[in-house]
Amino acid sequence: MRLTVLSDVDPADGRDDVIDQVADALRARHSVEVLEVHDDLNRLIHGLREQRPDLVFNLCEMFGDDERGDARVAALLELLGVPFTGSGAAELFLVQDKGLTKKMLAFDGILYPNFAVFSENADFETGGNLRMPLFVKPLCGDASIGITGADALVRDSRSLMEQVLRIHKEQKDAALAEEYIEGRELYVGVLGNLEPEALPPIELDLSGLPDHMPPVADNAVKFDEALGKRYGIESRIADLPDEMRARLQKVAVQAYRALRVRDYGRVDLRLTEAGEIYVLEVNANCYLEKGEEFAMAGAAAGYDYETLLDKIVQLAVERQGVKPAPTRQPRRRRDGKQARSAVA
C-alpha cells in the first residue's frame, strides 16, 4: 500500500525520532512517504494530493501551537475523504475534554475520581462533595502540560483556587480538580475495533520520588531525564497476579469502547491497595515511539515494532474498507514495445 506518515512536528524544532521510526518500520511492508506540516494548511492539502496515499498514518498531536489541533486535522482528513489510522475528529474531541470523558465513563458505570470543572466564564460543576486532597490540571491539556508537581496536589480551598487561576491564566483552559487516588500508576494499551485486545499493563514506577514530590506523572516526571535517573523513575511491565491483570485489561477495554476509540489507544489507570481500579484518562492518540509504553506493551504481547505498526494499518484498512489503488502499467505500442513516457 501507499502510506503517508503525517506529522505536525516543526522541522525547525528538531525532528521527532518517532517519525523516522514509524516510517522505517512501515517500509518493511509498504511504500511510505513522510509529510510534515506543522501549521501549514496548504502544505497539508497539497502534500496529500501529490502523494495520493491509500492511507495516512496519522501522527499529528497538534496543529501549530494548537494543542487541540489533532481533532481538527482529523476533521480535515475526513472532509477530504482521505482514510487514516486512529480515531476521528469526534473521538479525539471527546477524550481531549477530561470532564466529558468522565461523564461518558459514568454512563457505562466505569469507576473514575470524583471531579469538578472550573471554567473561566461559568460556574463550576461537580459530581458531588469533593474530598481533599485534590489533583488540579488543565481540562484539555495533553502530555502533562500545565501539571506542576507538588503545587498540583492541593489540600485546602485557597490552594485550589490559586491553581485554578494559574491554569486559566497560563494555559487559557478550564481547570479540572479531581480527588487524588493513592495507588499504582498503570497504563493499558488497547488494539482493535470490533474485538479490542488489551495489551499487558505497564507500570510507571514512582516509588523513588522524595516525600515532597507527589507520586504523579507531572511534566517533570515525563520529560526531565535527569530527574528520572536521580529517582529511578521508569516504565516496566507490571508485576501483577493474573486475576488483577485481567481485571485491569477488562476495565481498559470498557473505557476504550465507552470513548469510541478506534484502531489503538491507551488507558491510564490507578490501582489502590484495596484493589479498586480508577480510570484517569483515555488517550486516543498515544505516543508510538519505539521505547515508550505502547510499543513496550506490544512487544510483551508478541508484537515486534514492525508488526505492531502494521497491525494498526490493517485495523484502519479493515474499518474503512480501503483498497490499494491499482499500480499504473506502462502503455505499450501495437508492436508490443513499451511506449516512451511523455514526462521527461
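How much area does the chain expose, and what share of it do carbon and sulfur atoms supply? The chain exposes about 17,600 Å², and 47% of that area comes from carbon and sulfur atoms.

## The chain as a whole

The structure described here is a predicted model. Its chain holds eleven helices together with 14 strands. Of the 344 residues, 51% count as buried.

Contacts between residues with a separation of 6 or more can be sorted by distance along the sequence. Residues 24 or more positions apart account for 67% of these contacts.

## Helix α3 and its cover

Helix α3 runs over residues 69-80. It has twelve residues, and the distance from its first C-alpha to its last is 16 Å, close to the 16 Å expected at 1.5 Å a residue. Just after α3 comes G81, which takes a positive phi of about 75°.

Several residues of α3 are buried: G69, D70, A71, V73, A74, L76 and L77. The elements that cover them include two strands, β1 (2-7) and β3 (55-58), and two helices, α2 (41-51) and α4 (89-96).

## D70, a buried acid in α3

D70 belongs to helix α3. Which side chain of opposite charge is nearest to D70? That side chain is R72, 7.1 Å away. A salt bridge needs a nitrogen and an oxygen within 4 Å, and D70, though buried, has none.

D70 does have a polar partner: its side chain and that of Q96 are joined by a polar contact of 2.3 Å. Not counting residues up to four places away in sequence, D70 touches C60, E61, M62, L92, Q96 and N285.

## L44, on the helix that helps cover α3

Helix α2, one of the elements covering the buried residues of α3, contains L44. L44 is buried, with a relative accessible area of 1%. Beyond its neighbours within four places in sequence, L44 is in contact with L6, L35, V37 and L76. Among these partners, L76 is one of the buried residues of α3.

L44 can also be placed relative to D8. The two are 36 residues apart in sequence, while their C-alpha atoms are 9.6 Å apart in space.

## Salt bridges involving strand β13

How many salt bridges does a search of the whole structure find? The search finds 16. One of them is formed by the side chains of E185 and R270, with a distance of 2.9 Å from N to O. E185 lies in strand β9 (residues 184-191) and R270 in strand β13 (residues 264-271), so this pair ties together parts that are 85 residues apart in sequence. Both E185 and R270 are buried.

Another salt bridge links E293 with R266, and here the closest N and O atoms are 3.7 Å apart. E293 is in helix α10 (residues 293-300) and R266 is in strand β13, so the pair ties together parts that are 27 residues apart in sequence. E293 and R266 are both buried.

## A salt bridge within helix α9

D242 and R245 form a salt bridge through their side chains, at 2.8 Å from N to O. Why are these two residues separated by about one helical turn? They are three residues apart in helix α9 (residues 242-258), which accounts for a separation of about one turn. An α-helix has 3.6 residues a turn, so residues three or four places apart point the same way.

Are D242 and R245 buried or exposed? D242 is exposed, with a relative accessible area of 59%. R245 counts as partly exposed, at 24% relative accessibility.

## A network around E178

Four residues, K102, K137, E178 and E281, are linked in a network of salt bridges. Within this network, E178 is located in strand β8 (residues 175-179). Why does E178 count as buried? Its relative accessible area is 3%, and the cut-off for buried is under 20%.

The side chains of E178 and K137 also make a polar contact, at 3.3 Å. Leaving aside neighbours within four places in sequence, the residues in contact with E178 are K102, P113, N114, F115, P133, L134, F135, K137 and L280. Of these, K102 and K137 also belong to the salt-bridge network.

How values were computed. Residues are numbered from 1 along each chain as its sequence is written. This is a predicted model: local features need pLDDT of at least 70, side-chain atom pairs count only at pLDDT 80 or more; totals for chains, interfaces and linings use all residues. Side-chain values use heavy atoms; hydrogens and water are left out. Helices (H or I, at least four residues) and strands (E, at least two) are DSSP runs, numbered from the N terminus. Buried means under 20% relative accessible area, exposed over 50%, partly exposed in between (1.4 Å probe, protein chains only). Lys and Arg count as positive and Asp and Glu as negative; His and the chain ends are not counted. A polar contact is a pair of N or O atoms within 3.5 Å; within protein, one must be able to donate a hydrogen and the other to accept it, and residues adjacent in sequence count only if both atoms are side-chain atoms. Contact means heavy atoms within 4.5 Å. The expected span of a helix is 1.5 Å times one less than its number of residues. Accessible areas come from the Shrake-Rupley method with a 1.4 Å probe; for residues, only the protein chains shown count as cover.
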